[in-house]
Structure formats: structure tokens, C-alpha cells
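This report walks through a structure for a reader who has not seen it before. The sequence and the model come first, and the description follows.

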Amino acid sequence: MTVTSATGTNRIVRPRRVVRSGEGKWAWLLVGVVAAVLLVWEAAVSWLQLVPAAFLPPPTEIIAAFVRLLGEPEFWQAFVYSMQNLLIGLALAIVVGVVVGLAVGWSPVLRFTVAPFLWLLYSTPKVALAPLFILILGLGNESKIALVFLLAVFPIILNTMEGAVTVSPSLVSAGRVFGVNGVYLGWKVIFPATLPYSLSGIQRGAALGFTGEVLGEFLGGTGGLGHLLEFAAYQFMMAEAIALVIVMVIIANLTLWLISTLRRRLAPWYDDRKIVGAS
Amino acid sequence: MTTTIEPAEDEASVSSLISVRGLGVSYDVARTGKKLVAIEGVDLDVREGEFVTVLGPSGCGKTTFMNVIAGLVKPSAGQVLVAGEPVTGPGPDRAVVFQDYALLPWRTVFDNVKFGLEMQKGLKGDGWRDRVQEAIELVGLSGFEHSYPRELSGGMQQRVGLARAIVAEPRILLMDEPLGAVDALTREVMRAEIEKLIAATGKTVLFITHSIEEAILLGDRIVVFKSHPGAIKEVIETGLARPRSERSIQSDPRFLELRDHLWDALQGEATAAAVSK
């Protein structure tokens, strides 16, 4: 199929997967199931009063709390606080993770000496270090940023490393044949070839980093969504607490969606990589 | 029928563009602690403008042989001279066409071809755009400049690989089974086009293949490799007139004679290779 693109050039475009029409049906089924669950929930709490509303508020109350929340400046302050820490921590983790991952993946010496420690650290439950971070770095932003960084950096390093190791040897040969060497080889061949791997590491890192941010705010904080949630829970404001959890779910999923969109834009060859090349 | 297949005469090394002397490559196998000999005692001279096909069963070291000439693999014995200079690494006088195309999937056709020029001085000024465009036209890919490799068929991807190799105008073109991953019909078309292209540009070519027909159709000389260890078994002058059309050559008695001879030569090799594996 040939399509004329915005720049006026003809591009060959593979037709989209045909499964899409079937996926639509599943989406409707999902909506139906969610609606049914909400309905049963509402009925059980509000009408049949099987569960006390103080412990499990009905969906209508949660929605009301959610809307109320969006109107409060306090909520937006907390939102900005959390997102700021998350973005700073994540940015640091991306820079360090990609650079370290490329270096370790590309250099056999580093791979044999450093990689085992990276795996060891990766499998360590790093949340256990959270209280330590709060003690050392205080209750402010620094301890949260450090936690985000620590949780996010390992999946980024390890995924980038994995990607750098699996770069096709013939791409490297091609680079060398056409005079691309050293740092240039890293920049022009290894880095772009590894990018899709890095991005899926960043995706996992972002999810873990967000957990780190909320956890940091729980353990000792002066602001942020986690702090707000903790406060609501202690005040026994269940509807507000659940509404905040929903906010977090939305943030986490938007982040994941954003990064996978980015991956499709930056590395469109990744999804059809089986078609690329001979093997 | 009396055989007219004689070993080709040795060229004086002075007049040859590529000169391979006592070449050997061996690897240390960490697992067994033994040395694996890929190729051993290879001598070959290639004249400027000559089209040499290298024929052999898979695993006979013919790709290793080419990689040494490309400067990608260091020899453990002997040496390779290109225009009298020993090869110490890749250089702009040699370009490679890879079996699996080895295109950069994040670059368009135009930018992939540009890759062949990028590290050379030619990228200053605007002249390089014309050179890239010219190379793309030469391989018949006009109109696909902005396509990505994944949007192209295997044959078209290899045309990009070919354009990338010739864009910097190297003296020597090293082709490692370039049509090995292309479907049969496309292969036939591309063989003819490669022959035409090489005839027009006068490049010296080392073309690796495991297809007997391909080796005869394209080569001025055929270097037959044997395996375990990889070494030259014989060198044959094809002595067929150009241009060679795939159709007409099939009935040429010389073609049939060469084919039978190479069949016999390779069959022994292939059986030996299969048994030792």
C-alpha cells in the first residue's frame, strides 16, 4: 500500500493489523464488566448495606470525592510536588542508566566485572533503604528524588545493557567498514539500535520510580500525593483516600502510555523487527 | 570430452590490486582450549577490475577470508596487500555488501546510503547529496529515498546495501553472499543488474557465494574453497563472454562443463563437511 505523506513523498505503508476490529469487541466487554462491578458495588453498599460505607464508600461517593479533589488547590500543590520529584529523579535515572547500560553492555571487561553487582543490586529490595534515605537526606525533596532514582535506574541500566549486547554484529561490522569508530560507533550505531530496549527499561523504571516517590512521601514527608493519601487514610476519609489512589493509577498509566507512544515514534522498527533483516 | 579446465595461472603480484600471501586465521576456543583454524595458507592475487567469485560450502571460511580483506578480522598468519599496502583495518578503498543487508533500521533509504559517505571528507558542501542520489538511482531505487528498510522487500533492501557500498566509490567491492537471503526470482534479476553495474563502474569485486551457477555467471575467475581447514582448493578461469544472460548461458557448453566440474569439486567438500559435523 502506498500513501502520500505530509511531506509529499510516497511511502509504502503496511496495512494495520487486522485484529483491530476484534479488539474493539473486547474493549466493549471490558467496559461492560467494569460497569457491572461498579453497579454491584453501589448496590451492596448504598442499597443493601452489606458493608458499612465508612469502610468501603460506594462509587458515587468516590466520584464525588474525586471531583472535589480536583477543585482543591492543596491537591494541585501535592500533584506538582510529586510530579516534580518524579521527573527530576527519572531524568537523572535515564541519563545515568543509559550511559552506564551502554558502557557495561558494550565493554566485555565491564560486563564481567560490573554486571554481576548490578544484578545483585537490582534484586535487592531497595524499598528497604527508604528509611535510610529519609534519615540521611531529610524529609524534603532530596530523599524522594533519591528514592525515585534508585528504583528507576536499575531497570534502565539492565535493559540498555541487554540491548547493547544484542546489537546485530553485522550492524557493527557495517559501521566499521564505513569508517565509524569508537565514540561515533556508540553514537551512530549502538545507541540508536539500543534505544527501544532503553525505552522499555525507562517504562519499567518510571513505574517503579513512582512507587518510590509515593513510598518516600508515606515514610516521612511534607507534601505530595502520598502525603495527602496518608493524611486522608488517618482521618478515616475513605472516599478521598480511594480517589487519591485512582489519581495515582491514572498518573502511572498515563506515564506508561506516554513512554510506549514515544517508543513507537522513536523506534518504529522495533515492533516489526522480525521483518527487518534476513534472519 | 577432453577437459579444458586448467588451474588459472598465477598473476605477478606487482600488477595485482589485492594480493593475499600465506593467509591464516585461527581462533582460540575458550571452552575446549583448542585452536580452531578457520583458514590456512591462502594465496590469491586479484587484478584491478576483475570479478572474482569465491565458491565453497558453508563453514569453509570464505566469509572469514573476506572479512580479513575488509579489515574486520586480523589474520593470525600471512598478510593481505591492497594496492601494495598491508591491510590493517577497514578503509575507504574497500566496501562491503552484507548477506543480511546490515541496514540501519532507524534511517531512511537516503540516510542509509549517506552512511557510506558520512565518515569521509565528502560530507562538507552540497556535492554529497548528488552522490547519494546518484547511487540510489544507479541501483534503481529512485522514489524510495524516504522509505525505511522495513518497508522494503529483501531485494530492495539489498539494493540499498549496494548503493551504500558504491556511494563512496571504493576500488574494491566485497560482497558476502549478497543474494543469499533474496528470493529466487529477485536473485536472477539482481545478478544481471550487479553484472551490469560492475561492468559500468569497473570495480574490482570479490563475490562470495555458495551457488555454483552464480559463481559461473558472475565471475571472471572462480576461487573454490575447501573446508577443515578453510583453504583454496582450486582457481578456475571462466572464460565466458560478457554480458552473460542467464538464459543463453544455460546452454553454453562451457557453462555446462564448468558446472559439472564444480559440482564434482563441491560434492566431495559438502560430504566431508556434513560428515565432520
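## Domains and overall form

Chain A is divided into domain 1 (2–47) and domain 2 (59–266). The model is a predicted one. In chain A, 27 Å separates the C-alpha centre of domain 1 from that of domain 2.

Chain B is also split in two: domain 1 (1–10 + 48–73 + 88–93 + 172–277) and domain 2 (99–169). The C-alpha centres of domain 1 of chain B and domain 2 of chain B are 25 Å apart. Where these two domains touch, domain 1 of chain B contributes 13 residues and domain 2 of chain B contributes ten residues. On the domain 1 side of this contact, strand E7 (172–176) and helix H5 (184–201) of chain B each supply at least two residues. H5(B) gives the most to that side, with four residues. By type, the residues on the domain 1 side of the contact in chain B are seven nonpolar, three polar and three charged.

Chain B contains eight helices and ten strands. The C-alpha trace of chain B spans about 55 × 50 × 40 Å along its principal axes. How does the radius of gyration of chain B agree with that of a compact globule? For 277 residues, such a globule would have a radius near 19 Å, and chain B has 19 Å, so the two agree. Of the 277 residues in chain B, 46% are buried. Among contacts in chain B with a separation of 6 or more, 71% join residues 24 or more positions apart.

## The open sheet of chain B

Four strands of chain B form an open sheet in the order E2-E1-E4-E5, with antiparallel pairing. E2 and strand E5 (85–86) of chain B stand at the edges; each has a single partner strand, so one side of each lacks a neighbour in the sheet.

At one end of this order, strand E1 (residues 16–28) and strand E2 (residues 35–47) of chain B pair in the antiparallel sense over nine bridges. Within this pair, Val20(B) stands opposite Leu44(B) in E2(B). E1(B) and E2(B) form a hairpin with six residues between them, and Gly33(B) in its turn has a positive phi of about 75°.

At the other end, strand E4 (residues 77–82) of chain B and E5(B) run antiparallel and are joined by two bridges. Here Val82(B) stands opposite Glu85(B) in E5(B).

## Backbone details in the loops

Two residues of chain B other than glycine with a positive phi are listed below.

| Residue | Phi | Loop in chain B | Other C-beta atoms within 10 Å |
|---|---|---|---|
| Ala83(B) | near 50° | between E4 and E5 | 12 |
| Glu177(B) | near 40° | between E7 and H5 | 23 |

Are these residues buried or exposed? Ala83(B) is exposed, because it has 12 other C-beta atoms within 10 Å, and 12 or fewer counts as exposed. Glu177(B) is buried, because it has 23 such atoms within 10 Å, and the cut-off for a buried residue is 20 or more.

Another loop of chain B, between strand E9 (221–226) and strand E10 (231–237), holds Pro229(B). The peptide bond from His228(B) to Pro229(B) is cis, with omega near -15°.

In chain A, Ala128(A) lies in the loop between helix H5 (115–123) and helix H6 (130–137). Ala128(A) counts as exposed because it has 8 C-beta neighbours inside 10 Å. Leu118(A) is ten residues from Ala128(A) along the chain, and their C-alpha atoms are separated by 17 Å.

## The nonpolar core

In soluble globular proteins, nonpolar side chains tend to be buried together. In this model, the largest nonpolar core has 139 residues, and those with the most contacts inside it are Ala152(A), Val113(B), Ala163(B), Leu174(B) and Leu206(B). Helix H7 (residues 141–165) of chain A provides the largest share of this core, 15 residues.

What does Val113(B) touch, leaving aside residues up to four places away in sequence? Its contacts are Val132(B), Ala135(B), Ile136(B), Val160(B), Ala163(B), Arg164(B) and Val167(B).

Conventions: Residues are numbered from 1 along each chain as its sequence is written. Chains are lettered from A and ligands numbered from 1 in the order in which they are written. This is a predicted model: local features need pLDDT of at least 70, side-chain atom pairs count only at pLDDT 80 or more; totals for chains, interfaces and linings use all residues. Two strands pair if DSSP finds at least two bridges between them. The radius of gyration is taken over C-alpha atoms; the globule rule is 2.2 Å times the number of residues to the power 0.38. Two residues are in contact if their C-beta atoms, placed from the backbone, lie within 7 Å. Domain bounds come from an automatic or database domain assignment. Ala, Val, Leu, Ile, Met, Phe, Trp, Tyr, Cys and Pro count as nonpolar, Asp, Glu, Lys and Arg as charged, and the others, Gly among them, as polar. A nonpolar core is a set of buried Ala, Val, Leu, Ile, Met, Phe, Trp, Tyr and Cys residues joined through C-beta atoms within 7 Å.
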